[in-house]
Amino acid sequence: ELCAVPVIIAVHGFVFTGALEFILGADLIVAGASTKFQDTHAKFGLVPTWGLPARLPKMVGIHRANEIMMLGETFSAAEAYNWGLVNKVVPDDQVIQEARRMAIQSSTLSRSAVVKTKKMMVEANRSTLNDALSWSTRFHPGQGDDIQDRIQTLFSKSSKFKNKNASKL
């Protein structure tokens, strides 16, 4: 959460206990189709200390989080996707490729806008709704630092498209 740019995690195999806690700090999670997830803390008499009780309910809801943490049952990548724990499930041999694709796609966006948006989301997640709304309007101008360059690029591409199509008429 403290990393300014999006953190993308690719998982496959087994995501148990500490690994499950670790991935919850990511912004985007890609899982291989055969990946298995499980919280085994209570099975071994452990108490999660890396944020599982705080983060998991926000991601999957309180009752699903209770099920994951209090029953300790294994669940599939498809279930993790359906519950909102992972962003995408792909064939096992495409996990790294998909994570790279996401990183490349993210890198085409305004870094400034992405960084500011991520910061606002992290702060909003730690705040009440009223505080989050107040913070986002009070401390943020609503645009990335590179907005003028991006708008100019958009208009120049639009003009080229119009000129190209006009010559076909």
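Select Ser76 to begin: in this predicted model, Ser76 is buried, with a relative accessible area of 19%. Buried means under 20% relative accessible area, so Ser76 falls within that class. The residue belongs to strand S5, which covers residues 75-76. Now show what surrounds Ser76. Leaving out residues up to four places away in sequence, Ser76 touches Thr35, Lys36 and Phe37.

**The sheet that holds S5**

Extend the selection to strand S4, residues 36-38. S4 and S5 pair in the antiparallel sense, over two bridges. Which residue in S5 is the bridge partner of Phe37? That partner is Phe75.

Add strand S2 to see the whole sheet. This is an open sheet of three strands, in the order S2-S4-S5, and its pairing is mixed. S2 and S5 each have a single partner strand and stand at the edges, so each has one side without a neighbour in the sheet.

**Thr17, after S2**

Move along the chain from S2 (14-16) to the loop that leads to helix H1, where Thr17 is placed. The phi of Thr17 is near 50°, a positive value in a residue other than glycine. Is Thr17 buried or exposed? With a relative accessibility of 15%, Thr17 counts as buried.

**The parallel sheet**

Next, select strands S1, S3 and S6. They form an open sheet of three strands with parallel pairing, in the order S1-S3-S6. At its edges are S1 (8-11) and S6 (88-90), each of which pairs on one side only. From one strand to the next, the twist averages 20°.

Keep S1 and S3 (residues 28-32) in view. These two strands run parallel and are joined by four bridges. One place to look is Ile8, whose bridge partner in S3 is Leu28.

Now show the side chains of S1, which alternate along the strand. Ile9 and Val11 point to one face and are buried. Ile8 and Ala10 point to the other face and are not buried.

**Helix H2**

Go on to helix H2, residues 52-60, and colour its buried residues: Leu52, Leu56, Pro57 and Val60. Why do these residues sit on the same side of H2? They cover an arc of only 110° around the axis, which puts them there. As background, an α-helix has 3.6 residues a turn, so residues three or four places apart point the same way.

Turn the view to the other side of H2, where Ala54 and Lys58 are exposed. Then turn back and display helix H1 (18-23) and helix H3 (62-71), since the buried residues of H2 pack against both of these helices. At the end of H2, select Gly61, which follows the helix and has a positive phi, near 95°.

**The nonpolar cores**

Select Val11, Leu20, Ile23, Phe37, Leu56 and Leu85. The largest nonpolar core has 22 residues, and these six touch the most other members. At least two residues of this core come from each of S1, H1, S3, H2, H3 and helix H4 (77-82).

Centre the view on Leu85. Not counting residues up to four places away in sequence, Leu85 touches Leu20, Leu24, Ile29, Phe37, Leu56, Met59, Val60, Phe75 and Ala80. Among these contacts are residues already visited on this tour, including Phe37 and Phe75, which are bridge partners, and Leu56 and Val60, which are buried residues of H2.

Another core lies apart from the largest one. This other core has five residues, among them Val30, Val95, Ala99 and Met102.

**The whole chain**

Zoom out and show the chain as a cartoon. The protein chain has eight helices and six strands. Followed from the N terminus, its elements run β-β-α-β-β-α-α-β-α-β-α-α-α-α.

Colour the chain by burial: of its 169 residues, 31% are buried. How much of the contact total with a separation of 6 or more comes from residues 24 or more positions apart? Such pairs account for 59% of those contacts.

Finish with the surface. The protein chain exposes about 11,100 Å², and carbon and sulfur atoms supply 59% of that area.

Technical notes:
Residues numbered from 1 in each chain as written. Predicted model: local features only at pLDDT ≥ 70, side-chain atom pairs only at ≥ 80, totals over all residues. Heavy atoms only, no water. Buried < 20%, exposed > 50% of the residue type's maximum accessible area, 1.4 Å probe, protein only. Arc of directions from axis to C-beta. Contact = heavy atoms within 4.5 Å. Areas by Shrake-Rupley, 256 points an atom, 1.4 Å probe, with all protein chains shown as cover. Pairing = 2+ DSSP bridges. Axes fitted to C-alpha atoms, helices over the stretch in contact; angles between N-to-C directions. Core = buried A, V, L, I, M, F, W, Y, C linked by side-chain atoms within 4.5 Å.
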